[in-house]
Each structure stands twice: as C-alpha cells, then as structure tokens.
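This report describes selected helices, charged pairs and individual residues of one protein chain. Please keep the sequence and the model at hand while reading.

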Amino acid sequence: MAESMQGLHRSHRCTEVSNANIGEEITVMGWVQKRRNLGSLIFIDLRDRSGILQLVFDENDGEIFEKAKELRSEYVIAATGVVRKRDGAVNEELKTGDIEVEVSSLRILSESEVPPFPVEEDANTREELRLQYRYLDLRRPSLQSNLKLRSDITTFIRKFMAGEGFLEIETPTLCKSTPEGARDYLVPSRVHPGEFYALPQSPQLFKQILMCSGCDRYFQIAKCYRDEDLRADRQPEFTQVDMEMSFVNIDDVIDVNERLMQSLFKEILDVDIPTPFPRMSWQDAMDRFGTDKPDTRFGMELVDVTEVVKDCGFGVFSGAVENGGTVRGINVKGQGSMSRKKIDKLTESAKGNGAKGLAYLCINEDGTYKSSFAKFMTEEELDALVKTMEGEPGDLLLFAADRDKIVWNVLGALRLELGEQLELIDKTKFNFLWVVEFPQFEWSDDQDRYIAMHHPFTMPVEEDIEYLESDIGKVRAEAYDIVLNGSEIGGGSVRIHQADVQEKMLKALGFSEESAHEQFGFLLEAFKYGVPPHAGLAYGLDRLVMHMAGVDNIREVIAFPKIKDASCLLTEAPGKVDDIQLEELCIKLDVPATDATEE
C-alpha cells in the first residue's frame, strides 16, 4: 500500500552518493530498477534521474526485509540508511559501483503495474510502443541524459547570447498566414468567423520588425511549426535558436556563430572546434558532393566527366549531354571486385533517388575493365574516362547521366550510402562548414515558376541585383547555411532593407503590388520608416542536440515527439472535437470518405 513522505526529505540523488559519504546516513528516493533476492539478503537497484544506486536489505531487519520482498520494478520508494563499501563485487559500469546503502527505513510511495516493456537500455522494444508509453521510455538513463544535455545546451546558449548583447524577446505564435514556404498549421478564429491564424514557421517577419524597432540584437528559443512530411531529422513542431542583428554583414554573423559553436562544444562536450570554419559556395558543394549540406568527413567526391564523354558511342552519356544534362561519377576506391549483386542493389537505390539507371566500370587488378557500357566506347575513350576519374586497379567507378539536379541527388545519396556501408566516416569528428552564395531562386516543377530558395526577404548579391528584372536564374543570394557532418543545423541571410530592391524581389516572384501588401503589408509599412541593414540566422535546436548527443534521430532528444504521420501516440493527438466547438468556429466538416469509413 502506498505511503506518504510524511515529512521525509531526500538528501541525495542516487549518483550524488560517493565514497566520501561512507558511514553517513542518507535518504534517497526513486524507482526500483531491479530486485535480486538471495535469501538472506535482498538487493535493489534504485534509479533516479542521475543514475543507479544499490540498496541492501538484511533478513535480520525483520519488518523492513519483509517489506523489501514486496518491491517490484517501477515501484517508487524512499529509503534511509547508511552508506558503506560493497561486500561483493564492484560494478565498474556504475558511477556508484563500489558502494551501497544498508537500508534501515523503507517507504513504498507508489506501486506499479507490470510495465509493457522493460525500462532499461538496449531493450528490444518497438519504437511505437515506446512512444505510446513515453513516460516509461523517458525513465531510461540515455533519454534522461539527452534531456539534460538539451537543457545544458539551451542554458549555455542563453548565457552566451546575453554576453554578446542580444536581448531575448518572445514573438507571437498566432500569426498571419503567408506563402512562399511549407504548409501552415492553421488556427480558426472564433471572434473573427471564417478567418484563421497560422502557427509560425519561423519568427522571420517579427524579428525583422524588431530590427526596424531599434532592438539591434535579438534572439529567442522559439517554437515553430510546419505541416510537411516527416523524416528522421524533422518534426511538425520544432525548436529554433533564432537570432537577428543590425548594422552587420555576413562576416559579422559568421563571427558570432563560430564563437558560439566553439564555446558550446568546449563547454558541453569538452571538444575543441577549430575556427574559422571552411566556406564553400553552393555551386562548389553541389558539384563536389551532390548536396548543399556536404559531409566532409570522407572523400569520394563527384567528378564531372561531361566533356570526356559528350561525343562517345554510349548513347546514355552522349544523349544526356545533348539534352542539356551532365555526366558525373564517383570513384569507390578498392571496390573493383564488388559483386554484381551489390552493384545491382546500388542501382536500385539510385533509381529510388530519380536515376533511370547506374553505369559502372570496374578496374581489374591487371588494369583491364569490366563495365556495363565498355562495348559502346573505344579503348581510348575508356582510358580517358578512367584517367579523369583518377581510377586505379581495384577501383569501382559509378556514373549517373541526366539533368544536374537528378545527377547531384543520385550520386550525393549514393556517396553517403557507400560511406556508411564501407565505414569511411569518422564518427568522432565534428566537421563544421559554411555553405554560401546560394541561388536566390529555384525552379519549382510543381508550380511551374521560380520560387525563393530561402524567403522573399533575402538580399541578392549586389552585383546580381540587375538580373532581378532580366534573368533571375543568375541571381545569387547573400545567404549562408551552417552544416555539421552532412546536416544543415542552421541557416540565414542578409535581409533586404532597401524598398526598391524588395519591390523588385517580390515582383520577380510574381507578386503584384496589391498581393504583396495583402500578404506582407505590415512589414512593408514598417520599412517606410528607416530600416537598418540587418542579417540573421536560425539553428534547428533539435538537430544540433541530436549531433551533440551522438544519436541518429531527433525523436531521441525531444521529450514528446510525433511520429511520421504527425500524430502523438501518447496523447492520441490529433483528435476529433465536439460539434459545439465546431459550431462556435463556424466550421462544417466535409471529410473525404475512406475505405474504412465507408465500411
């Protein structure tokens, strides 16, 4: 039967107890991790946020010993006793592995049913079940450690930003819906029937208005929302470390953020991060790595062989070039003997990323070639191709031919897949990189028009402004992403602060003067009254913590994450609401029938 604490106070967390406390009487509280009954002795592993501490009960203690027999996994208890050296074997894996507490008083504060899965590391439990019972899952030491790491990181960031003169300012979470981004989460207004708020995808417009307001340096740990498909590093609601600065250029923003990352990694992980971080243009990143967030911890860079094969007899290569595409390859060193079965598997993977196929050439140890296309090319053409790829006996050369976008996507993904398979990636490294000079616009096949690659308020590179009214495909942006180990952990830009440039930008995106003011009128109005040059950046806090924690999924560093369909298995959100609530909001549902509802 559960008891109350009755004025009892915890003196220590489990791993706050050490050899220095030997001989002292202490009180600890927590959950029963495990019970071991040896007949005359009962051992309890007590767990709290800090870790594990062993409790021991002796049969000579009568009533307390009998009470200890009742304990089961996940019972919540309070125990008072004297710290002593362990009589038995020392557990080197535990921080408290050489001490234990001889219990003289025990209270059962709460009983527990048998958990649906063991609350322990490396339990073979389905993630869906773990998320359904997240409160049990979060009791695991690794997740407790991740949450503490996240807290330590945000605490440090706040201190650092305050020391740099930034003001922490909260911005609204009920906003006006604006285009040029992912889908908004909409919130209907009861007071304004038929009208909606949007949850913010970022505090972008408000932080620019704060710069117009003279706040000079702003930051915020901000909740943001995007109604988009989920991946391992993406959630419908996420947290940004958001910042904006006035009277600065790219170098000023980069300087602050390099010092922030360097100080953060030293303080939290005791890792020395060298500065300055390398800078790479977007074009260079795409040409060399097939992605604008390159993982530079290993080589196997893309090689453009378009000029070498443009007139060759292999129609896949020459045809791609003739249609305005390119041919590029990667050299998988030492894998020339890879089986055809494995190559076929790589080909299927390439097709999943948009390729029509994958061409290969194996360089045998005797210098001869085994290839899927050798019969279509002369010996001279093959030799020139191998030379351009810096191929050597024992190498495997893989090629993709298509439009740049597809070739980059295919080979970029293949490079990462092979890097993992062949264990080429040094997982102990933290490789930071700035990617700069992004295109201002990108072509959208879905919308059949150019859209802003970042957002409509990004400043074009000064010498490219003239192309806003003539050839917008040539315009580069004063934008920059900070990349860590192949993951974009943050991005930002210099903002447009001149009214005429902003007008040209919106016009290039297809906004009429009327539609621009309808969507962004409050910002454009603010721009009439003196706008300082300003720039900013926002980190994805979840991704940053994920890398620092050394895990592969942001769900491991978020207390209550959603799954791939944006639902919460713990609370069963989203859910239905009462008809009365819908009536108050003037909403009438017209949900398309599914097979299940029709049945």
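## Helix 7 and its buried face

Helix 7 is followed by Gly-290, whose phi is positive, near 75 degrees; helices (H or I, at least four residues) and strands (E, at least two) are here DSSP runs, numbered from the N terminus. The model is a predicted one, in which local features need pLDDT of at least 70 and side-chain atom pairs count only at pLDDT 80 or more, while totals for chains, interfaces and linings use all residues. Residues are numbered from 1 along each chain as its sequence is written, and side-chain values use heavy atoms, with hydrogens and water left out.

Within helix 7, which covers residues 282–289, the residues Trp-282, Ala-285, Met-286 and Phe-289 are buried; buried means under 20% relative accessible area, exposed over 50%, and partly exposed in between, with a 1.4 Å probe and protein chains only. Seen down the axis of helix 7, these buried residues fall within an arc of 100 degrees, so they line one face of the helix, the arc being that of the directions from the helix axis to the C-beta atoms. They pack against strand 11 (279–281), helix 12 and strand 17 (432–436), where contact means heavy atoms within 4.5 Å.

## Helix 10, one side buried and the other exposed

Helix 10 comprises the 13 residues 340–352, which at 1.5 Å a residue should span 18 Å, and its end C-alpha atoms are indeed 18 Å apart, in agreement with that value; the expected span is 1.5 Å times one less than the number of residues. The buried residues of helix 10 are Ile-343, Leu-346, Thr-347 and Ala-350. Because these residues fall within an arc of 105 degrees when helix 10 is seen down its axis, they line one face of the helix.

Which elements do the buried residues of helix 10 pack against? Their partners are strand 14 (359–363), strand 16 (396–402) and helix 12 (404–421). On the other side of helix 10, Lys-341, Lys-342, Lys-345, Glu-348 and Gly-352 are exposed, and the helix is followed by Gly-354, whose phi is positive, near 110 degrees.

## Salt bridges

Side chains of opposite charge can pair when their charged atoms come close. With a salt bridge taken as a side-chain nitrogen of Lys or Arg within 4 Å of a carboxyl oxygen of Asp or Glu, the count comes to 53 salt bridges. In one of them Lys-85 pairs with Asp-98, the closest N and O atoms being 3.3 Å apart. Lys-85 lies in strand 4 (residues 76–85) and Asp-98 in the loop between strand 4 and strand 5 (99–110), so the pair ties together parts that are 13 residues apart in sequence. Lys-85 itself counts as partly exposed, at 46% relative accessibility.

Asp-542 and Arg-150 also meet in a salt bridge through their side chains, at 2.8 Å from N to O. This pair links distant parts of the chain, with Asp-542 in helix 15 (residues 541–549) and Arg-150 in helix 4 (residues 141–163), 392 residues apart. Asp-542 is buried, with a relative accessible area of 4%, and Arg-150 is buried as well, with 15%. Glu-244 forms a salt bridge with Lys-207, their closest N and O atoms lying 3.4 Å apart. Here too the pair links distant parts of the chain, 37 residues apart, since Glu-244 is in strand 10 (residues 237–246) and Lys-207 in helix 5 (residues 204–212). Glu-244 counts as buried at 0% relative accessibility, and Lys-207 is buried with a relative accessible area of 1%. In addition, salt bridges that share partners join Glu-121, Arg-130, Arg-134, Asp-137, Arg-140 and Glu-556 into one network.

## A buried aspartate without a salt bridge

Asp-184 is found in the loop between strand 6 (167–168) and strand 7 (186–188). Asp-184 is buried yet has no salt bridge, and the nearest side chain of opposite charge, that of Arg-226, is 7.9 Å away; for this purpose Lys and Arg count as positive and Asp and Glu as negative, whereas His and the chain ends are not counted.

The side chain of Asp-184 does make a polar contact of 2.6 Å with the side chain of Ser-177 and another of 2.5 Å with that of Gln-201. A polar contact is a pair of N or O atoms within 3.5 Å; within protein, one must be able to donate a hydrogen and the other to accept it, and residues adjacent in sequence count only if both atoms are side-chain atoms.
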